[in-house]
Structures are given as structure tokens and as C-alpha cells.
Amino acid sequence: MLEDVNTVDYSSWGTSELISRVTELESRLKEHTARYYTVPPSASTSAALTPTQSLENGHTSSYSFQRRPKAPPKPFDPSKYSTRLIALKFAYLGQAYNGYEHHANNNTPLPTIEEELWKALVKTKLIFPPVNTPESGGGNLDIMNRGPGPQSREDRNWGREEAEVNWEGCEYSKCGRTDRGVSAFGQVVGIRVRSNRQARRTSVLGSSAERGAISQTQTTLEEGELLIEKSAEQPHSQSTEHELPFDPITDELPYIQLLNRVLPPDIRILAWCPNPPPNFSARFSCKERRYKYFFTNPCFTPVPGSIGLYPTTANSASIPGSRSNVQNREGWLDIEAMRQGCRKLVGLHDFRNFCKIDASKQLTNFQRRIFHADIEEISPLALPTFLQHPSLLPPSASLTDTTKPKIYAFVIHGSAFLWHQVRSLAAILFLIGQGLESPSLITELLDIAKTPTKPKYEMATDAPLVLWDCIFPAEGEAEDSTGRENGYQDAFEWIYMGEKGGIEGGNVKAKGKWGRGGIMDDLWEAWRIRKMGELVAGQLLDVVAGQRHRKLEDAAGENEVGVGKRGYRSPGARVFDGGDVPRLKGNYIPVLKKERMEPVEVINARYAAKKGWDPAAARARGDDTDE
């Protein structure tokens, strides 16, 4: 050990002696530092103590702490890993995306859900597709060794500018292709991914203690990289002599957690299915799709007093439970009339007048089976509170519970849906709810002999629409949609986060769903951001509605300046289409009196001629979902 320098009296030492002594002590300190703190090259620590040379007197005067450069990722060899076909169920909020489907060589202003899913699967090394880039002239880009961290600096724009989405060799299939702005809570894809089968039980997540340590610290960038790197650092053993038993659920990779670490916060994997049938296709194996279109009632701001009333153009007196009054208050929807319209949709019908024609598909069969259609109440509309005022309620407010402010959803289940079918149906139902059309309009539009071509009406907006669920029945239960009248029950064995096979292991409370780092925390954050905005805006509406002398109590039965009965617009001036504000349309034109589209046969023939296709060739596709 170094001698105790406090026992030496340096007061009588000369300058040269002091310099010599300091030099000696620094030399001995250097020896001790090298002995006890030198980090070998193979050590895993990322930092070491290294000397800093001082120019003064040519002596080493201090030491600095320098971080070692991070080692490059180990080369990844996909051939050393087994794979398996699984199904993934996931949710996304679609307002920030350009729809679900990615189209090659089609640059969109916003990313697509499919792009983000593909990038996450590649970053986590769960799929190994060859990737072409414009810079490589069509050559392959080595992306297996890219940094796996979520949104790492070099990967922030990766996938849009550098690489093309490529599902080659992945057996990839998708159930629904939602449009821009549309959300999904039960989207499903099938895909072949890397598996932990035939690997040593400690090769992926290590011992149970190590797995527990990873699970306790699962939310940071470094921790996400650690989990992904450890899941890929050792391939399965080439010898099966001492292969350990493998449970295809509990011993498998934590697919949900791996992907959620690198996906954007508004896209979340909810569950995975370990045993889809060998011929599984997320598109064709799905026999029922369920949608919900949300709206409020009132659908836009009502006008108080008598000036907010208008005569309905549709006869609702024959509708049981509907408002038989000839007047309606602007902004309010007749829920019972909409429900009667929904009942007319159930069954097998030709929906060519309720969709957008895509000539590139050359569709000739527009029959789709609807198992269920209804207007369901979701919850009361507590804010803004001024909507409860009697001067803003419709004339029949005291007669039925449906005239109270509430949130509703148009719920529809069907075998398959045409492009924009749900949004077209919602638009017609909103016209019926406003009293601008009768429920019999749906019967007229479903009668192709009577209405062979579609009137040019506008469909409902995209944001309130949600692909709610996709149903996969047992193989022997599936029937052709022309004969099946009732819906299905889902038969897939879904493993949800927090269940057996949906956790990472370790004796910790937060195992993926609840608690720190759980998916519920992620979704709560997404909800609360939007809820606080709604709360503040609702309070502002209440404040303005009750300000100064023009209060709601004074507005009943009075004409506001400039909005008297003579100056008020026609009742069809503002038409609700599911959006945040109504559309100004002037004098309302009934749907059946609007200009018509060309027949489907004419549209298809013109497109086929443009492409040089043989009109006699059968190009029509089967049931398709494009909502």
C-alpha cells in the first residue's frame, strides 16, 4: 500500500525534492490504477479509466473517464433459426396514418400502418425479408444488423426513404384494409416469424432471474435493445440429442412485448395466436367482420327556441317509437328511425348503391351478407352540460329517452364489405335520422331493378369508423355467405397480454398489461391526452353558452338578431355526415333525385379497355374488404 503521506513533513523540502516526490507518487498511483482498474478488451463494461498526459514537466498528472465505443451488433444469420406461422391481433388509431395498406412506389404524405408493422418486425428480427432500396439499384439491403432500439436515431425515417416494404417469404396475409383516418381495434394479420423452438431454454431470455430483471425494466431504449438483442444472440442448437422440452406458448418469444417496444404508441399488439390452421389466410379465413361508427346526438350544435325547429321532409309517423311530430330541432337525430333503417340492411343484398366502385378490381358481384345492424347506445354525453337545457331539446324530449344527449354507434356485422360500404351506409342513416329521408330509402337503394345505378351522394367521414373485430370460426363451421344467416363465434386461441404465454416472466407485478410499462399505461396516455382536450373544449362551450344577457333562458321563443324566422336558412342547409361540423348544402335535394353514376358494367369496361385487358377474361375478385 502507499505510505501515509500525512506522516511526512514536507515544509523543509526543497523544490527539486518536492518535484521528485510528486513524480514518484504519480508513478506508483499509475501502477495501482493499471492493476485494479484496467478493463480487458473482452469485458462487457462500456467504460474504462485511461491516463491523460500533461504537457507541463512531462508528467502524467490525472486520469479521465472515457466511454468505450459500443460494439457493433453481431452478424445475424436467419438460417440458424426456426420459424412458425402465427396470427397477430392489434389495434391502432388511424388519424395519423394514410390507411392500412402500403403500395409500392406510391409515396403518401403520411406513413401507413403496414409500413410501421413491417419495420417493427424487421427491427426485432422476427422476419427476414430481402429489402431493395433505390440507392442500391434494386440490390438487397442488409437490415438484419440494424440497431434494434425503438426509434433509434438512424432509424427514425428508415422504411420510407431507404427500404421498400417486402413480405417475401413471410406467408403474410391481412384481414382488413382500412382507409386513411380509419381506426381498428381487432385487425388481424397472419405471418411466419422467428421462433424460440429448439433453442436452449436460457438462450433467448436467460435464466428466470435474468428474465425477471428484464421484465422489471422494460420501457427505456437501452432495455428494449437488450431484450431484442438477447432474443437473437444465440441460434438454436444444431444437435437435438439433448433438446429440452418446448412449450409452444410459455417457452416462445414474447412477441407482444418485442413488437410493442418498437411500434409507435398509437399502434399496439393485443394478442397472438400460436396455432392457426396450416392454410391460414387472415383475409380468406375471416368469415365475419365487425365495424362500429361512433357519433353524438345531437350531432352538431342545436339552435335554441322556436327558430331552431324545422319541418321534416320524411314521414316518420308510421315508425314505432319515433317522433311523430312534424317538426325536428336542427342537430338532433331520430334514433328510432335510424334503427328501422338498420333492420332493412340485415340479410343478403346487392350493395352496389352503397359503395365506391373500384374499376381496377373488375367486380361484378356486389352481394354481401349482413348478420347484424343496429344503433347502439354507448354512454351519456355529460359534457357540454348546456345541451341538457330544455330550449335545446327536440319537441318530443319528454316522450322518449333517445332525445337525451348521448353517444351512439352504428354497429354492423357482415361476411365482407365493399369499398366504403360502411361509410356510405352511415351517410344514408344520418339523412334518415335528420328527417331528410325516410327509412324506405334503404329499400329503394337495395332494389337494383328499381335503382340500377348509384345516386351521387357523399359518404360519411372517416375518423369515427373503427374495424372492431375480425372473426375466425372453426374450419368445419365456415359456410358460404349466400347460405349463412347468422354470425359466427371466434374459435382462435388468442393469447392476450398478461395471460399465460403473453408475459415475459419474472416475479414482478408488471408483466405486460397492468402497472409500470404495461400496455394499459400506454393506452391511458393516449386516451387522457384526448380526454383533456375534450374536457377543456366542453367547459369553454358551457362558459360561452351562459355568458351575459343572451343566455339560453332568454333565447327560448325569441329571434336572435339576424337569425329571425324569415332570415333562417332552409332545414336542409346543414347536413350531418359524421364530421365535426355539418356541411352547408343550401336547398336539400333528395337522394333519389340526385345525378346518377354510370352502370358498373360501363365503368368496368372502360377501365379494362384503358388497360388493354380482354373484356371476356374473368378478372372479378371474390369477397373483398376495403373499408
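**Exercise 1.** Determine whether arginine 192 is buried, partly exposed or exposed, and characterise its salt bridge with glutamate 171.

*Solution.* Step 1: arginine 192 has a relative accessibility of 25%, so it counts as partly exposed (buried means under 20% relative accessible area, exposed over 50%, partly exposed in between; 1.4 Å probe, protein chains only). The model is predicted: local features need pLDDT of at least 70 and side-chain atom pairs count only at pLDDT 80 or more, while totals for chains, interfaces and linings use all residues. Residues are numbered from 1 along each chain as its sequence is written, and side-chain values use heavy atoms, with hydrogens and water left out.

Step 2: glutamate 171, at 43% relative accessibility, is likewise partly exposed.

Step 3: the two side chains meet in a salt bridge at 2.7 Å, N to O (a side-chain nitrogen of Lys or Arg within 4 Å of a carboxyl oxygen of Asp or Glu).

Step 4: arginine 192 belongs to strand S5 and glutamate 171 to the loop between H2 and S4, 21 residues apart (helices, H or I, of at least four residues and strands, E, of at least two are DSSP runs, numbered from the N terminus).

**Exercise 2.** Identify the salt-bridge partners of glutamate 101 among lysine 174 and arginine 177, and state the distances.

*Solution.* Step 1: with lysine 174, the closest N and O atoms are 2.8 Å apart. Lysine 174 lies in strand S4 (residues 173–174) and glutamate 101 in the loop between S3 and H2, so this pair ties together parts 73 residues apart in sequence.

Step 2: with arginine 177, the closest N and O atoms are 3.6 Å apart.

Step 3: lysine 174 is buried at 14% relative accessibility, arginine 177 is buried at 9%, and glutamate 101 is partly exposed at 23%.

Step 4: Glu101, Glu114, Lys174 and Arg177 are linked in a network of salt bridges.

**Exercise 3.** Locate tyrosine 293 with respect to the strands that pair with S7.

*Solution.* Step 1: eight of the ten residues of S7 (residues 288–297) are buried, so the strand is largely enclosed by the rest of the structure.

Step 2: S7 runs antiparallel to S13 (residues 465–471), joined by six bridges, and pairs in the antiparallel sense with S12 (residues 406–414) over nine bridges (pairing requires at least two DSSP bridges between two strands).

Step 3: the bridge partner of tyrosine 293 in S13 is leucine 465, whereas in S12 tyrosine 293 stands opposite phenylalanine 410.
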